[in-house]
Amino acid sequence: ATSSSINARRSIASTWARHYSTGKEVEPQQKAQSIIDALPGNSFISKTGYITVGAGLITWAISKEIYVFNEETLVLGSFIGIVTYLIKIMKQPYNEWAEGHINRVRDILVQAREDHKVAVKERVNDVNQLQDIVDVTKNLFEMSKEMARLEAEAFELKQKSAVSAELKSVLDSWVRYENSVREREQKELATSVIESVKAQLQDSKTQDQILAQCFKDVEKIAARA
């Protein structure tokens, strides 16, 4: 078991050696600076404090045989390094995406607020335009009452005119009837008078009286002449 553990450590160490030997060489100062930048904290002192505390804890754990350095430690360290590197390279795009999303949400909220302000202003203007609606309604009501009164008077006058026209028609018909009756009576009277005169003229006594009266009239005229 011990020999297999040693062989595993050697294979992992050789793998890391080949990886770093084939990769681009980095200055130790830059490598140290990149490691420090990857640590949490805002100042150099706080970041180096994390390194000091971590190294002290690891040294104390190894010295007390609480933790044994083996191939699992290398795997864990490699995993932590990869995760740290991925977090570092993805931090900037994620921050840009988050900032863009926040800006979009902020723009939507600002636009919604402006639209709400415009809607409120339009509503206030509509209400201001309708503030005289009571007086206008009263005036319209008075006007409608006046129109109803005028229509009632016009209807009454129309009915009176119709009644007057009907009465005039009846009276005219009665006048025409009376005129026709009077004309007929006068015609009958004239006819009866003419017939009576004709009958009297046919009487010999009447004729003698008429002739005698004519002679008297002629004599009077001659005496005057």
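This tour moves through the chain in stages, naming at each stop what to select and what is found there.

**The whole chain**

The structure on display is a predicted model. Begin with the entire chain in a cartoon view: it contains six helices and zero strands. Followed along the sequence, the elements give the pattern α-α-α-α-α-α. Switch next to a surface view. The accessible surface comes to about 20,000 Å², and carbon and sulfur atoms account for 62% of that area. Of the 225 residues, 4% count as buried.

**Helix α4: an aromatic pair**

Select helix α4, residues 71-129, and show the side chains of Tyr94 and Trp97. A pair of aromatic rings is described by the distance of the centres and the angle of the planes. How many aromatic pairs does a search of the whole structure find? The search finds two. Tyr94 and Trp97 form one that is tilted, with 6.0 Å from centre to centre and 35° between the planes. The two residues are three apart in helix α4, about one turn of the helix. Both Tyr94 and Trp97 are exposed.

The other stop for aromatic rings is Trp174 with Tyr177, an edge-to-face pair with centres 6.2 Å apart and planes at 90°. Trp174 and Tyr177 lie in helix α5 and are three residues apart, which means that about one helical turn separates them.

**The start of helix α5: an annotated span and a nonpolar patch**

Now select residues 133-160. The UniProt record, an unreviewed entry, annotates this range as "coiled-coil region". In the model the span is 100% helix and 0% strand, and the C-alpha atoms at its two ends lie 40 Å apart.

Within that view, show Ile133, Val134, Val136, Leu140, Met143 and Met147 as a surface; together they make a nonpolar surface patch of about 550 Å². Met143, one of these residues, lies in helix α5.

**Helix α5: salt bridges**

Side chains of opposite charge can pair when their charged atoms come close. By the cut-off of a side-chain nitrogen of Lys or Arg within 4 Å of a carboxyl oxygen of Asp or Glu, the structure has four salt bridges. Three of them can be visited here by selecting residues in turn.

Which residue forms a salt bridge with Glu146? The partner is Arg149, and the closest N and O atoms are 2.2 Å apart. Glu146 and Arg149 are three residues apart in helix α5, residues 133-201, and so are separated by about one helical turn.

Keep Arg149 selected and add Glu153. These side chains also meet in a salt bridge, at 2.6 Å from N to O. Glu153 and Arg149 are four residues apart in helix α5, again a separation of about one helical turn. Glu146, Arg149 and Glu153 are thereby linked in a network of salt bridges.

Why do such spacings bring side chains together on a helix? An α-helix has 3.6 residues a turn, so residues three or four places apart point the same way.

Are the members of this network buried, partly exposed or exposed? Glu146 is partly exposed at 37% relative accessibility, Arg149 is partly exposed at 38%, and Glu153 is partly exposed at 36%.

Move along helix α5 to Glu156 and Lys160. These residues form a salt bridge in which the closest N and O atoms are 3.5 Å apart. Both lie in helix α5, four residues apart, about one turn of the helix. Lys160 is partly exposed, with a relative accessible area of 47%, and Glu156 is partly exposed at 43%.

**Helix α6: the last stop**

Finally, select helix α6, residues 204-224. The helix has 21 residues and reaches 30 Å from its first C-alpha to its last, close to the 30 Å expected at 1.5 Å a residue. How many of the 21 residues of α6 are buried? The number is one, so helix α6 lies largely in the open.

Conventions: Residues numbered from 1 in each chain as written. Predicted model: local features only at pLDDT ≥ 70, side-chain atom pairs only at ≥ 80, totals over all residues. Heavy atoms only, no water. Buried < 20%, exposed > 50% of the residue type's maximum accessible area, 1.4 Å probe, protein only. UniProt positions renumbered as here; feature names shortened; annotations may be inferred. Patch = residues over 30% accessible without salt bridge, like charges linked within 9 Å, V, L, I, M, F, W, Y side chains within 5 Å. Areas by Shrake-Rupley, 256 points an atom, 1.4 Å probe, with all protein chains shown as cover. Expected span 1.5 Å × (residues − 1). Phe/Tyr/Trp six-rings, centres within 6.5 Å; stacked < 30°, edge-to-face > 60°.
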